[in-house]
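Reader: I am a first-year student, and I would like a close look at a single part rather than a quick tour of everything. Could you pick one and explain it slowly, with each term made clear as you go?

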Amino acid sequence: MKHYFRRMKRPLRQIFIENLKYYRQKCGLAQQELAAKIDKSVNYINGIENNNTFPSIETIEKIADVLSVKPAVLFDENGCPENAIVADKGALAHELGEILYTKIRADIVKDIECVLCRA
């Protein structure tokens, strides 16, 4: 039943921003607190999270260290639940409908055969 899952296609920069926000909030840090821990201004963190600026490799490493994740996790499309596989509800409903139809049909055929065998 793998057909009803699809990956969202987003730019790597957007994935980074979503993961940054997720892990920052998961750690219970406000933008101001994260900024202080990496020696940057709150406006800098706000700029990153609003896609106005992008951090250097060194800053990404500092952010990852504060958030207790590997830097690569911040770029992983599955790095946070919001970025994970998203169900395609239409395809899911169609595929489950097909499975149920096949199962019910097979059960009905068996029941009819049993009735006919007894007659």
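**A close look at helix α3**

Author: The cover over the buried residues of α3 includes α1, α2 and α4. Some terms are needed at once: helices (DSSP runs of H or I, at least four residues) and strands (runs of E, at least two) are numbered from the N terminus, while contact means heavy atoms within 4.5 Å. Buried means under 20% relative accessible area, exposed means over 50%, and partly exposed lies in between (1.4 Å probe, protein chains only). This is a predicted model, in which local features need pLDDT of at least 70 and side-chain atom pairs count only at pLDDT 80 or more, whereas totals for chains, interfaces and linings use all residues. Residues are numbered from 1 along each chain as its sequence is written, and side-chain values use heavy atoms, with hydrogens and water left out.

To place the helix, it helps to begin with the whole chain. The protein has five helices and two strands, and along the sequence they follow the pattern β-α-α-α-α-β-α. Of its 119 residues, 26% count as buried, and among contacts between residues at least 6 apart in sequence, 65% join residues at least 24 apart.

In α3 itself, the buried residues are Tyr44, Ile45, Gly47, Ile48 and Glu49. Two of these names, Ile45 and Ile48, return among the residues with the most contacts inside the largest nonpolar core, which has 16 residues, the others being Leu20, Ile63, Leu67 and Leu74. Such a core is a set of buried Ala, Val, Leu, Ile, Met, Phe, Trp, Tyr and Cys residues joined through side-chain atoms within 4.5 Å. At least two residues of this core come from each of α1 (12-26), α2 (31-37), α3 (42-49) and α4 (57-67), and the largest share, four residues, is that of α4. In soluble globular proteins, nonpolar side chains tend to be buried together. If we follow Ile45 alone, leaving aside residues up to four places away in sequence, we find that Ile45 touches Gln31, Leu34, Ala35 and Ile38.

Glu49, another buried residue of α3, brings in a charged pair. Arg24 forms a salt bridge with Glu49, and their closest N and O atoms are 2.6 Å apart; the term requires a side-chain nitrogen of Lys or Arg within 4 Å of a carboxyl oxygen of Asp or Glu. Because Arg24 lies in helix α1 and Glu49 in helix α3, the pair ties together parts that are 25 residues apart in sequence. Arg24 counts as buried at 8% relative accessibility, and Glu49 is buried as well, with a relative accessible area of 5%. Side chains of opposite charge can pair when their charged atoms come close.

By this rule the count comes to two salt bridges, and the pair of Lys103 and Asp107, with closest N and O atoms 3.6 Å apart, is one of them. Lys103 and Asp107 stand four residues apart in helix α5 (residues 89-118), so about one helical turn separates them. Asp107 counts as partly exposed at 31% relative accessibility.

The end of α3 also deserves attention. Just after α3, Asn51 takes a positive phi of about 60°, although Asn51 is not a glycine. Most residues other than glycine have a negative phi, and most peptide bonds are trans. Asn51 lies in the loop between α3 and α4 and, at 38% relative accessibility, counts as partly exposed.

Beyond that loop comes α4, whose buried residues are Thr59, Ile60, Ile63, Ala64 and Leu67. Seen down the axis of α4, these residues fall within an arc of 140°, so they line one face of the helix; the arc is that of the directions from the helix axis to the C-beta atoms. On the other side of α4, Glu58 and Asp65 are exposed. The buried residues of α4 are covered by parts that include α1, α2 and α3. Just after α4, Ser68 takes a positive phi of about 60°; Ser68 sits in the loop between α4 and β2 (86-87), and Ser68 is exposed, with a relative accessible area of 65%.
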